[in-house]
Amino acid sequence: MFEIDNIPSVVTDALQEKNIRAEDILLGAFCDRDREQTPIQSYLFATEDQLLILSGAISTEGRAPRGNKKEARVKRVWTEIAFEAYPLRELKSIRVEELLSTGRLCAERKEGDEPLLLACFTNFCKDSMHLFAKYAEKISKGEFEGVDEKDDPKSKCCPKCGMRYPDKNRRVCPRCMEKGKLFKRFSVFFWRYRVSLAIMVVSLVVMTAMSILAPYLSSGFFYDEVIYGTGSFAGEILLVLGLIISTKILKTITTMINNRLSAKIALNMVFDLKKTIFGAIKRLSLNFFTARQTGGLMTQVNQDALTINFFFCDGVPYFIINVVQVVVLTVLLFIIQPVLACFALITVPVFLVFVRWMYAGMRRLYAKRYSASRRMNSFLSDVFSGMRVVKAFSRENVEVKRFSERNESLAGSDKRLALFNGFTRPVASFVLVLGNLIAWGVGGWMVMKGSFGLTYGMLLTFITYLNMIFSPLEFFVDFFEWTADCTNAMSRLFEIMDAQPEVAEKEDAIHPENLSGSVEFDHVSFSYQKGKKMIQDVSFTVPEGSILGIVGHTGAGKSTLANLLMRLYDAEEGEIRVGGYPIKDLALSSLYGHIAIVSQETYLFMGTILENIRYAKPEATFEEVVEAAKFAGAHEFIMKLPDAYHTRIGFGYQDLSGGERQRISIARAILKDPKILILDEATAAMDTGTERKIQEALTQLIKGKTTIMIAHRLSTLRDADQLVVIEHGKVAESGTHEELLAKENGVYKKLFDLQLEALRNAGISE
């Protein structure tokens with residue numbers, strides 16, 4: 001769906017010819033296929049009483065003269081192919097039906113009629129077509145009150161530059177955001193180190209003062225007042241040398257203090273930053289992690305923290321001191337010889353303008369380099385994690401090619417950055433060198449002519465101070481480069497910190513002391529993708545202590561029900577209750593404290609087997625862990641491992657089979673001893689004999705617990721108190737095993753008969 005203002009003028013002209021005004025259009029959407037799936041340019045519109053479909057093609061006539069776009073004589077022409085209009089009030093159930101790589105917009109004129117095919121489209125138009133169907137349905141029912149803010153195209157883009165927001169829930173444009181606010185907001189990280197930072201700044205001030213005093217004592221003062229002078233310091237070479245040595249020693253001591261404090265603050269800052277970034281990431285919902293690659297997140301935790309720390313601990317303090325040094329030295333230059341100072345500093349404004357231009361270019365190049373680096377890290381993490389699949393399908397050459405593409409992209413980003421620095425840095429240095437040469441030329445002429453009272457010693461002091469100004473100015477080039485990199489890193493950090501979890505605990509969440517194990521789904525609907533419902537109007541009740549079996553084809557939505565009960569996602573419609581409380585009202589700690597899940601996707605952390613089982617209950621004794629492992633059928637194979645329960649597993653350590661990993665996962669859930677137990681294909685990775693042993697143990701374990709069992713092997717659900725059959729996200733049937741088998745054409749009976757026949761053909765009897 002798009003804004004009405006974005007309709008091409010040739011299309012609005014075509015509508016005008018049909019007496020349809022642009023201001024009467026409430027909705028608009030682009031569609032790239034006709035009913036026969038032929039590529040075409042179609043525009044769908046909805047007014048208060050009509051749904052319009054205008055199909056055709058936009059072509060251009062004329063040609064733009066080279067080098068003068070203002071005099072372009074290009075005319076856009078609309079060639080109409082078809083136009084259809086439907087009374088909206090007569091259309092019912094306007095909906096999108098998704099296919100493999102395409103979809104179609106359908107409606108019904110009357111309940112029970114054959115669906116009316118309105119338009120077809122590719123996945124490129126899928127999201128906008130879902131929104132169009134949603135609001136067109138509201139118009140047909142007379143319920144349209146405008147487009148919701150979350151669906152409004154304007155809300156997704158920056159009103160200033162039109163760039164799409166990186167995070168839909170955080171309306172901050174990286175291009176237009178005020179960079180000063182980033183640094184101001186980040187200053188809170190330094191408050192706890194304010195004493196150390198104050199001492200560090202004082203030490204830097206002393207270092208700067210000694211740096212300014214030492215050249216004066218060793219050059220102009222030494223020549224004019226000691227060697228050739230007639231004042232109180234005439235001939236006092238040892239005294240002046242002592243003063244020079246004292247300034248050097250004091251500078252060395254303050255440098256040591258500064259380095260020690262800087263190292264201390266740097267280490268603490270890195271620790272705090274990584275802790276903050278990880279803390280911000282871990283509070284986010286599961287969909288945040290499914291939408292991002294692991295390698296990219298690792299880059300943000302590690303690389304961004306170091307970048308920000310380096311800037312604030314090594315860059316900002318020296319920047320402040322260098323600014324003070326430049327100001328003080330500039331004043332001294334004008335005190336020594338104002339005319340010469342004007343000539344010597346004439347190149348500084350040119351240098352500053354050039355550096356400002358450099359900053360804009362470097363910030364852009366650093367952002368591109370980071371993106372390339374993140375893609376590379378994400379790719380490496382993905383491939384290394386899936387190396388078994390790569391080997392199994394002999395796709396090494398393909399992955400090498402993919403690696404080369406990303407490596408070439410990263411190398412290209414590095415190359416562009418290096419070329420930019422290789423060009424700009426010498427130019428910046430040359431601008432400053434010109435100022436030095438001008439000072440030598442004009443100052444030398446003044447000394448030879450004896451004009452303006454400039455002596456040779458004064459000229460040496462002037463040149464020394466001038467070079468001390470140029471050195472900080474060259475530092476500013478590096479500083480602005482660090483600023484560009486740090487600004488990008490902080491923007492990414494605050495993007496995570498400001499991200500709102502889609503599953504969030506209420507401020508007044510309930511912490512019931514005794515939460516019963518009853519579960520109730522009340523007209524629950526949910527979709528992973530907007531407009532495509534995975535679960536539709538699902539309702540069932542599981543009394544406390546009973547067993548519910550959930551069956552259905554792959555992809556029917558069985559595991560989604562478990563995810564919704566665990567509140568990994570929130571239902572869009574309806575309500576889920578545990579112990580009579582809506583789970584959205586419960587504190588997450590209370591909910592998770594009473595539920596355990598054994599999923600078909602097992603995950604074990606790096607560490608010992610004892611630590612992995614005890615993960616569900618850290619305070620559990622060793623005897624409790626062993627008992628849980630025995631229930632899960634894992635004790636026998638664990639005792640055969642080199643260090644039994646203390647055997648380390650994970651990368652570089654003992655490897656386990658899929659069945660062994662699953663049994664440890666079951667033991668972990670058993671140890672928690674929850675009131676509600678979810679078994680999502682818990683025995684899928686096991687042979688029949690092992691499965692039967694575990695089923696016997698689970699039969700004893702689940703007594704008194706509310707158990708939800710999701711399984712493809714229907715024979716494991718015979719003893720369930722109730723079965724729910726999920727078909728296309730809906731409850732197709734429900735009842736006991738015997739009741740569902742009694743239905744001649746029931747979905748459950750068909751599934752059961754198919755599995756029974758397959759087992760018989762394999763020589764397995766149930």
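C31 is buried in this predicted model, and its relative accessible area is 0%. The closest cysteine sulfur to that of C31 belongs to C125 and lies 5.9 Å away, which is too far for a bond. The structure holds 0 disulfides, and beyond its cysteines it can be read through its nonpolar cores and the helix α13, which gives the most residues to the largest of those cores.

**Cysteines**
- A disulfide needs two cysteine sulfur atoms within 2.5 Å, and because the sulfur of C31 is 5.9 Å from that of C125, this pair is too far apart for a bond.
- C342 is partly exposed, with a relative accessible area of 48%, whereas C31 is buried.

**Nonpolar cores**
- The largest nonpolar core has 57 residues, and those touching the most other members are I308, L333, F351, F462, L466 and L473.
- Several helices each supply at least two residues of this core, among them α4 (194-218), α6 (237-282), α8 (294-336) and α13 (456-497), and α13 gives the most, with 19 residues.
- Leaving aside residues up to four places away in sequence, L333 touches P338, A341, L345, F462, Y465, L466 and I469.
- A second core, separate from this one, has 43 residues, including V598, V625, A667 and L714.

**Helix α13**
- From its first C-alpha to its last, α13 reaches 60 Å over 42 residues, which is close to the 62 Å expected at 1.5 Å a residue.
- This helix is mostly covered, as 30 of the 42 residues in α13 are buried.

Key:
Residues numbered from 1 in each chain as written. Predicted model: local features only at pLDDT ≥ 70, side-chain atom pairs only at ≥ 80, totals over all residues. Heavy atoms only, no water. Buried < 20%, exposed > 50% of the residue type's maximum accessible area, 1.4 Å probe, protein only. Core = buried A, V, L, I, M, F, W, Y, C linked by side-chain atoms within 4.5 Å. Helix = DSSP H or I, 4+ residues; strand = E, 2+ residues; numbered from the N terminus. Contact = heavy atoms within 4.5 Å. Expected span 1.5 Å × (residues − 1).
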